[in-house]
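Please walk me through this structure. I am new to it and would like short steps.

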Amino acid sequence: LFHGRAHEGEMLIGTDHHAVRLQTPEHGDAQDAKAFAYVRPHDLDVARYSPGHQGGIVARLTRAMVVGPVARLELQAQEDQGFGKDAIIEAQLSAAQFRQEAFREGEWLVLTPRKARVFVDG
């Protein structure tokens with residue numbers, strides 16, 4: 001669950017200079033309204049972070065568990081992105097992709113929502 005602001009068909013998650021923008025044409029009439037986006041763990045793209053990266057949520061991989069064909073990841077967002085000091089983000093990908101990418105606990109990754117359900121307050 002990500003909190004942000006909806007404005008004229010777009011939702012911003014995070015602080016302005018690190019914001020993730022989600023297109024929300026169904027909320028085109030929203031004017032700087034509080035909003036939240038529900039993103040399922042398997043609807044987050046996970047990639048390795050590189051300096052200068054634009055867009056996406058930068059987070060440190062704190063725990064990875066491979067259970068059968070699925071890798072479940074727990075990540076903690078960078079503090080300056082406005083997600084809260086101890087916010088845990090859960091992501092899920094195939095075990096094969098996890099092994100291929102060779103993600104390691106402690107490294108910085110970038111999360112990008114592929115699909116989200118957005119709700120506007122009010």
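**Charged pairs and a nonpolar patch**

E101 is partly exposed, with a relative accessible area of 31%. This model is predicted. E101 sits in helix α1, which spans residues 95–101. Its side chain meets that of R48 in a salt bridge, 4.0 Å from N to O. R48 lies in strand β5 (residues 44–48), so this pair ties together parts that are 53 residues apart in sequence. R48 itself is partly exposed, at 36% relative accessibility.

R48 has another partner. The side chains of R48 and E107 also meet in a salt bridge, at 2.7 Å from N to O. E107 lies in the loop between α1 and β9 (108–113), so the pair with R48 in strand β5 ties together parts that are 59 residues apart in sequence. Is E107 buried or exposed? E107 has a relative accessible area of 18%. The cut-off for buried is under 20%, so E107 counts as buried. Through shared partners, salt bridges join R48, E101 and E107 into one network.

Side chains of opposite charge can pair when their charged atoms come close. How many salt bridges does a search of the whole structure find? The search finds five. One of them joins D32 and R5, with the closest N and O atoms 3.2 Å apart. This pair links distant parts of the chain. D32 is in the loop between β3 (20–23) and β4, while R5 is in strand β1 (residues 2–7). The two are 27 residues apart. D32 counts as partly exposed at 46% relative accessibility. R5 counts as partly exposed too, at 34%.

Now turn from charges to rings. The count of aromatic pairs comes to two. One of them is formed by F36 and F119. Their ring centres lie 5.2 Å apart. The planes are 25 degrees apart, and the pair is stacked. Here, too, distant parts of the chain are linked: F36 is in strand β4 (residues 33–38) and F119 is in strand β10, 83 residues apart. Strand β10 covers residues 117–120.

How open are these two rings' residues? F36 is partly exposed, with a relative accessible area of 31%. F119 is partly exposed as well, at 31%. Both belong to a nonpolar patch on the surface. Which residues form this patch? They are L1, F36, Y38 and F119. Together they have about 370 Å² of accessible area. F36 and F119 thus appear twice in this account: in the stacked pair and in the surface patch.

Notes. Residues are numbered from 1 along each chain as its sequence is written. This is a predicted model: local features need pLDDT of at least 70, side-chain atom pairs count only at pLDDT 80 or more; totals for chains, interfaces and linings use all residues. Side-chain values use heavy atoms; hydrogens and water are left out. Patches are made of residues with over 30% relative accessible area and no salt bridge: like charges are joined within 9 Å, nonpolar side chains (Val, Leu, Ile, Met, Phe, Trp, Tyr) within 5 Å. Accessible areas come from the Shrake-Rupley method with a 1.4 Å probe; for residues, only the protein chains shown count as cover. Helices (H or I, at least four residues) and strands (E, at least two) are DSSP runs, numbered from the N terminus. Rings of Phe, Tyr and Trp (its six-membered ring) pair if their centres lie within 6.5 Å; planes under 30 degrees apart count as stacked, over 60 as edge-to-face and the rest as tilted. Buried means under 20% relative accessible area, exposed over 50%, partly exposed in between (1.4 Å probe, protein chains only).
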